[in-house]
Amino acid sequence: MAAPLRVKDEGLEGRAEPDAEALLVDHRVEHAEATDPAELFHEATKYAPYNLPRTLRAYRAYPAWAEAQPFELVPTKRYPDGVQVALPDPGKARRSLSWVLRERRSRMAGPVAPDLRETAALLAAGFRADGEGRRPAPGAGGLYPLEVYLVAAGLRGLGDGIWHYDPYGHRLEQVSDRVPDVSAWYLADGTFGIAAGHFVVTAVLPRLRIKYGARGYRFALQESGHAVQNLLLRAEVEGVSVTPVGGFFDDKIHDDLGLDGVDEVALYLVPFGKV
Ligand SMILES: Cc1cc2nc3c(=O)[nH]c(=O)nc-3n(C[C@H](O)[C@H](O)[C@H](O)COP(=O)(O)O)c2cc1C
């Protein structure tokens with residue numbers, strides 16, 4: 001039996017609550033030829049009666065896996081050999097939530113560098129963990145797959161190069177003192193090259209896969225949206241122009257950041273800077 005693909009299944013269209021029995025029958029007779037990898041992925045990672053044994057395999061094994069861990073997992077990478085820069089406390093946002101929800105816009109990042117407090121405010125809004133490990137953005141199962149890097153060239157308070165944010169220590173750790181050619185990262189070449197800095201949000205996918213299997217990939221995308229939105233909102237408060245960017249050459253970024261591009265993948269770029 002071919003993999004169940006309920007693609008463009010007109011028999012189920014508009015039916016509010018398909019019953020399990022109907023799904024079981026329909027997917028067998030209706031599995032259409034799907035060529036779109038997104039459709040295939042989405043179908044393969046649905047929670048549905050016909051594929052629960054497969055999609056929930058990792059989920060069911062997870063408690064035993066977690067129990068067997070000899071140490072408490074702290075979901076972040078560390079670069080302890082690099083220069084460590086403690087970030088200042090960003091302080092409270094000076095605007096109300098309703099103001100920032102109304103005013104937020106994607107704005108062309110300018111070349112004027114924010115100071116270290118402003119940069120820290122953006123990072124903390126998206127990613128900083130509190131003393132109990134909780135984050136400002138929700139994370140499926142509290143597994144927190146996201147990492148965030150910063151490319152600095154002339155940023156106040158930071159040497160040039162690639163930095164990694166430690167969300168538990170609220171500090172930046174230097175990954176490399178080499179400044180990559182960031183304008184080659186963007187599909188819209190030339191548009192974002194002048195930005196004072198660039199955030200790169202990645203996901204370490206095995207952190208989710210151990211519990212959610214392939215469905216964890218959905219969660220990584222969703223979580224990056226949560227975290228980046230927080231960062232964008234704080235940027236509006238601080239007067240730092242930002243654009244969330246999905247149009248980039250993935251493997252160019254992976255190569256420049258030293259990521260394998262399989263277990264850890266770039267999800268979002270945020271060029272930033274004042275005008
Ligand atoms: C997932 C996602 C990817 C995006 N990718 C790009 C991009 O590659 N280049 C770009 O200029 N803007 C990008 N944007 C910004 C959108 O163009 C922008 O959010 C949209 O025009 C609405 O404007 P607003 O953010 O000011 O409300 C992206 C936004 C989202 C949510």
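Mentor: Let's start with burial: a residue is buried if 20 or more other C-beta atoms lie within 10 Å of its own, exposed if 12 or fewer, and partly exposed in between, with C-beta atoms placed from the backbone.

Trainee: Why does L56 count as partly exposed?

Mentor: L56 has 15 C-beta neighbours inside 10 Å, and that value falls between the cut-offs of 12 and 20, so the label is partly exposed. L56 sits in the loop between α3 (52–55) and α4 (57–68). The C-alpha atoms of L56 and Y212 are 7.2 Å apart, although 156 residues separate the two along the chain.

Trainee: What should I know about the model itself?

Mentor: This is a predicted model, in which local features need pLDDT of at least 70, side-chain atom pairs count only at pLDDT 80 or more, and totals for chains, interfaces and linings use all residues. Residues are numbered from 1 along each chain as its sequence is written.

Trainee: What pLDDT does the protein average, and where does pLDDT stay under 50?

Mentor: On this scale, the predictor's confidence in each residue from 0 to 100, the protein averages 88, and 87% of the residues score at least 70. Residues 1–18 stay under 50.

Trainee: What makes β5 count as largely enclosed?

Mentor: Strands (E, at least two residues) and helices (H or I, at least four) are DSSP runs numbered from the N terminus. Strand β5 covers residues 197–204, and eight of its eight residues are buried, so the rest of the structure largely encloses this strand. G197, F199, V201 and A203 point one way, H198, V200, T202 and V204 the other, and all of them are buried.

Trainee: Why do they split that way?

Mentor: Side chains in a regular strand alternate between the two faces of the sheet.

Trainee: How do you know that β5 pairs with β2 and with β7?

Mentor: Two strands pair if DSSP finds at least two bridges between them. β2 (residues 146–152) and β5 share seven bridges, and β5 and β7 (residues 264–273) share eight, so each count meets the cut-off of at least two. Both pairings are antiparallel. T202 of β5 is the bridge partner of E147 and stands opposite A266 in β7, while H198 of β5 is the bridge partner of V151.

Trainee: What is the order of the strands in the sheet, and which are the edge strands?

Mentor: Seven strands form an open, antiparallel sheet in the order β1-β4-β3-β2-β5-β7-β6. The edge strands are β1 (84–86) and β6 (241–242), each pairing on one side only.

Trainee: What makes β2 mostly covered?

Mentor: Seven of its seven residues are buried: L146, V148, L150 and A152 on one side, with E147, Y149 and V151 on the other. β2 also pairs with β3 over four antiparallel bridges; there, W163 is the bridge partner of L150 and H164 stands opposite Y149.

Trainee: How do you know how far helix α6 should reach?

Mentor: The expected span is 1.5 Å times one less than the number of residues. α6 (residues 116–127) has 12 residues and reaches 16 Å from its first C-alpha to its last, close to the 16 Å expected. In α6, 10 of the 12 residues are buried, and the buried residues pack against β2, β3 (161–166), α8 (216–238) and β7, where contact means C-beta atoms, placed from the backbone, within 7 Å.

Notes. Two residues are in contact if their C-beta atoms, placed from the backbone, lie within 7 Å.
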